[in-house]
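Grab a pencil and work through these exercises one at a time. Try each task before you read its solution.

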Amino acid sequence: MALVSWTLLVLGALALAAVLVLLALYVRRGILQRDGGFDMCVRGDSRDGWSGGWAFGIGRYREDTLEWFRTFSFATWPKRSFRRHELVVEGRRQPDAEESYELPAGHVVLVCTSGGAPAEVSMTEAAATAFVTWLEAAPPGGQFVG
């Protein structure tokens with residue numbers, strides 16, 4: 001009888017922990033999006049220890065920086081930051097056949113360089129238009145191609 005009680009107690013604690021984790025992620029996402037955040041995926045880079053695939057996240061503009069936060073993270077700081085004066089959009093394309101399964105529907109891929117290093121981001125058409133407008137609105141000395 002005691003074993004059953006302990007098992008139920010442990011299972012209940014695990015369920016409560018899972019609910020609290022999901023609630024924390026939900027609240028964090030709400031806070032980031034309330035501050036002007038938008039859905040944005042970033043292609044991984046081996047320098048960051050990623051496999052090179054797409055990672056889901058939330059982008060947000062802060063002065064002359066585009067900050068990107070991973071969706072499934074508790075970190076309060078951005079995983080990647082793109083400085084506006086170092087960011088150049090080389091082109092825009094539709095996701096290829098493989099990417100269309102990895103990326104949310106309606107996303108476009110922006111092929112960029114950031115500080116001379118390649119960077120690919122994906123976002124909705126509306127967010128991409130806002131992104132390009134943000135880049136074009138940079139003070140003199142900024143770069144934009146495409």
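Before we start, a word on terms: helices (H or I, at least four residues) and strands (E, at least two) are DSSP runs, numbered from the N terminus. Keep in mind that this is a predicted model.

**Exercise 1: Take stock of the chain**

Task: Find how many helices and strands the protein chain has, and the pattern they follow along the sequence.

Solution:
- Step 1. Count the elements: you should get 3 helices and 7 strands.
- Step 2. Now read along the sequence, and the pattern comes out as α-β-β-β-β-β-α-β-β-α.
- Step 3. For the overall picture, 36% of the 146 residues count as buried.
- Step 4. Look at contacts between residues at least 6 apart in sequence: 45% of these join residues at least 24 apart.

**Exercise 2: Put the sheet in order**

Task: Work out the order of the strands in the sheet, and say which strands are at the edges.

Solution:
- Step 1. Walk across the open sheet, and its 7 strands come in the order β4-β3-β2-β1-β7-β6-β5, with antiparallel pairing.
- Step 2. The edge strands are β4 (80-83) and β5 (87-93), since each pairs on one side only.
- Step 3. From one strand to the next, the twist averages 35°.
- Step 4. Zoom in on one pair: β6 (residues 107-114) and β7 (residues 117-124) are antiparallel partners over 8 bridges. In this pair, Ser114 sits opposite Ala117 of β7.
- Step 5. Add the helix: α3 (residues 125-136) packs on the sheet and touches β1 (38-43), β2 (54-62), β3 (65-70), β4, β5, β6 and β7. The direction of α3 makes about 150° with that of β5.

A handy reminder: strands of a sheet pair through backbone hydrogen bonds, either parallel or antiparallel.

**Exercise 3: Buried or partly exposed?**

Task: Sort Glu67, Phe56 and Leu103 into buried or partly exposed, and list what each one touches.

Solution:
- Step 1. You need the cut-offs: buried means under 20% relative accessible area, exposed means over 50%, and partly exposed is in between.
- Step 2. Glu67 lies in strand β3. Its relative accessibility is 14%, so Glu67 counts as buried. Leaving out residues up to four places away in sequence, Glu67 touches Ile58, Gly59, Arg60, Arg62, Pro78, Arg80 and Ser81.
- Step 3. Phe56 is in strand β2. With 39% relative accessibility, it counts as partly exposed. Under the four-place rule, not counting residues up to four places away in sequence, the contacts of Phe56 include Met40, Cys41, Trp68 and Phe69. The C-alpha atoms of Phe56 and Trp68 are 9.5 Å apart, with their positions 12 residues apart along the chain.
- Step 4. Leu103 is in the loop between α2 (99-102) and β6. At 6% relative accessibility, Leu103 is buried. Again not counting residues up to four places away in sequence, Leu103 touches Cys41, Trp54, Pro95, Val109 and Ser122.

**Exercise 4: Check out the surface**

Task: Find which residues make a nonpolar surface patch of about 480 Å², then look up how exposed Val10 is.

Solution:
- Step 1. The patch is made by Val4, Leu8, Val10, Leu11 and Leu14.
- Step 2. Val10 belongs to helix α1 (residues 2-34).
- Step 3. The relative accessible area of Val10 is 43%, so Val10 is partly exposed.
- Step 4. For the whole protein chain, the accessible surface comes to about 8800 Å², and 63% of that belongs to carbon and sulfur atoms.

Note on methods
Residues numbered from 1 in each chain as written. Predicted model: local features only at pLDDT ≥ 70, side-chain atom pairs only at ≥ 80, totals over all residues. Heavy atoms only, no water. Buried < 20%, exposed > 50% of the residue type's maximum accessible area, 1.4 Å probe, protein only. Contact = heavy atoms within 4.5 Å. Areas by Shrake-Rupley, 256 points an atom, 1.4 Å probe, with all protein chains shown as cover. Patch = residues over 30% accessible without salt bridge, like charges linked within 9 Å, V, L, I, M, F, W, Y side chains within 5 Å. Salt bridge = Lys/Arg side-chain N within 4 Å of Asp/Glu carboxyl O. Pairing = 2+ DSSP bridges. Axes fitted to C-alpha atoms, helices over the stretch in contact; angles between N-to-C directions.
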